[in-house]
Amino acid sequence: MDDEDQGRGTARPRPARPTRPVRRAGPRRDAPARSARTRRATGQGRPKAPREKPRPAPAPAPPKAVRRPRRNTTLANLDHRLYFAAAAALLAVVVLLIAVVASGGDDPRRAAAPDPAARNVPEDGPSPASYSSTANTPAFAAIAQRSRDAAPLTAGEAFPSYAREIRTDGGARLTLRAKRLEGCPAAVWGGGFAADLARSGCTQAVRTLYTARDPKPGYALAVTVLNLAGAADADRLVRGLDAGRAAGFVRPLDGAAFGGGFSMARGLAVGHYAVIAWAERLDGSGDASDATLLALLIEGGKAPAALGRAADAG
């Protein structure tokens, strides 16, 4: 500025001061700036929703039934008395099975104890002078066990009308005189034989008696069919009669017609049935070479009670 201007009294302009920015109410400086999208996401700038009333708490569920733990019934946790009782029962079963196997039978349903009626059988009786036996063959395999042929024999099966008469090729003609379907002890004599029948599971005895009209030189034929438990029992019984017939045998319905002279008997195993045919001359004569006696034994072995069951099962 020169001297002329100072004399005039003009004021010298002052430099302008920088203007300060006006502070507005808002977020703090240290707070980061938020965009509109952020504010919308966080709900800023919107009216608050009315506060919901607290819902009542749901009623507590009824308590579940407490299931008691199952009792441990294993053998290790049983009472010692029950343990010994179970062991004794198991031992009894084992002993029974061993007895069944040792007796040779195959049917577990056979009688475990002898029939009480076996104690009342006579200890004496007639027996044949000659005896032979034939064991089972495969032809009777269908009725080898009574479990497969469980129905008891009926009178119609044991005494059919066609079996009222027996004829042989030699001309002998015999007619049915007596018949009976009964228990086994009544059909035998000898306590030992009766006990063996009980062990063999014998449940039925079929007895028939055939005689000739003319006693001179007529014949008589007695046929006994025993219903046993299995084929093994039938085989053993017919085989054992040869050695034991002096101590026990079957009883003919007319005992007076047998045992007075020479007679022949034959045992035949037909499945689980034992058939014993016994022939004798009524005059007491004869011997092992008598062809009529042999023919009658063959006819007697065709007992319808046993062969009928074999035919039905086959």
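Start by selecting Ala305, which counts as buried at 2% relative accessibility, because anything under 20% falls in that class. You'll find Ala305 in helix α8, the run of residues 304-313. Keep in mind as you click around that this is a predicted model.

Now show what surrounds Ala305. Setting aside neighbours within four places in sequence, its contacts are Leu153, Glu157, Ala158 and Val225. Pick Leu153 from that list and draw a line between the two C-alpha atoms: Ala305 and Leu153 are 7.1 Å apart in space, yet 152 residues apart in sequence.

**Zoom out to the whole chain**

Switch to a cartoon view. The chain has eight helices and nine strands. Of its 314 residues, 34% are buried. The exposed surface comes to about 20,900 Å², with carbon and sulfur atoms supplying 55% of it.

How many of the contacts between residues at least 6 apart in sequence join residues at least 24 apart? The figure is 76%, and the Ala305 and Leu153 pair you just drew, 152 residues apart, shows what a long step along the sequence can look like.

Colour by pLDDT next. The chain averages 77, and 60% of the residues score at least 70. Select residues 1-7: here the pLDDT is below 50, and beyond near neighbours in sequence the stretch has three contacts in the model. Then try residues 97-114, where the pLDDT is also below 50; this stretch has 26 contacts beyond near neighbours in sequence.

**The sheet**

Time for the strands. Strands of a sheet pair through backbone hydrogen bonds, either parallel or antiparallel. Select the strands β1, β8, β9, β6, β5, β3 and β2, and you have an open sheet of seven strands in just that order, with mixed pairing. Which strands stand at the edges? They are β1 and β2 (165-167), and each has a single partner strand, so one side of each is left without a neighbour in the sheet. Turn the sheet and look along it: the twist averages 20° from one strand to the next.

Begin walking at the β2 edge. Three bridges join β2 to strand β3 (residues 173-182), and these two run antiparallel. To see a facing pair, select Glu165, which stands opposite Thr175 in β3.

Next, bring in helix α7 (residues 291-300), which packs on the sheet. Among the strands that α7 touches are β6 (219-227) and β8 (263-270), and its direction makes about 155° with that of β9.

Hop over to the other edge, at β1. Five bridges join β1 to β8, and this time the strands run parallel. Click Ser132 and look for its bridge partner in β8, which is Arg266.

Stay on β8 for a moment. Is β8 largely enclosed or left open by the rest of the structure? Seven of its eight residues are buried, so β8 is largely enclosed.

Follow the chain from β8 into β9. The two form a hairpin with two residues between them, and Gly271 in the turn has a positive phi of about 65°. Eight bridges join β8 to β9, which run antiparallel. Ala269 is a handy place to look, as it stands opposite Ala274 in β9.

**The ring cluster**

Last stop: show side chains for Tyr131, Phe249, Phe258 and Trp278, which ring pairs link into a cluster. A pair of aromatic rings is described by the distance of the centres and the angle of the planes. A search of the whole structure finds three aromatic pairs.

Take Tyr131 and Phe249 to begin with. They pair edge-to-face, at 6.0 Å centre to centre and with 90° between the planes. Tyr131 sits in strand β1 (residues 130-134) and Phe249 in strand β7 (residues 249-250), so the pair links distant parts of the chain, 118 residues apart. Tyr131 counts as buried, at 9% relative accessibility, and Phe249 is buried too, with a relative accessible area of 0%.

Now keep Phe249 and add Trp278. This pair is edge-to-face as well, at 5.3 Å centre to centre with 80° between the planes. Trp278 belongs to strand β9 (residues 273-281) and Phe249 to β7, so the pair ties together parts that are 29 residues apart in sequence. Check how Trp278 is covered: at 0% relative accessibility, Trp278 counts as buried.

Notes:
Residues are numbered from 1 along each chain as its sequence is written. Side-chain values use heavy atoms; hydrogens and water are left out. Rings of Phe, Tyr and Trp (its six-membered ring) pair if their centres lie within 6.5 Å; planes under 30 degrees apart count as stacked, over 60 as edge-to-face and the rest as tilted. Helices (H or I, at least four residues) and strands (E, at least two) are DSSP runs, numbered from the N terminus. Buried means under 20% relative accessible area, exposed over 50%, partly exposed in between (1.4 Å probe, protein chains only). Contact means heavy atoms within 4.5 Å. Two strands pair if DSSP finds at least two bridges between them. Axes are lines fitted to C-alpha atoms, for helices over the stretch in contact, and angles run from 0 to 180 degrees between N-to-C directions. pLDDT is the predictor's confidence in each residue, from 0 to 100. Accessible areas come from the Shrake-Rupley method with a 1.4 Å probe; for residues, only the protein chains shown count as cover.
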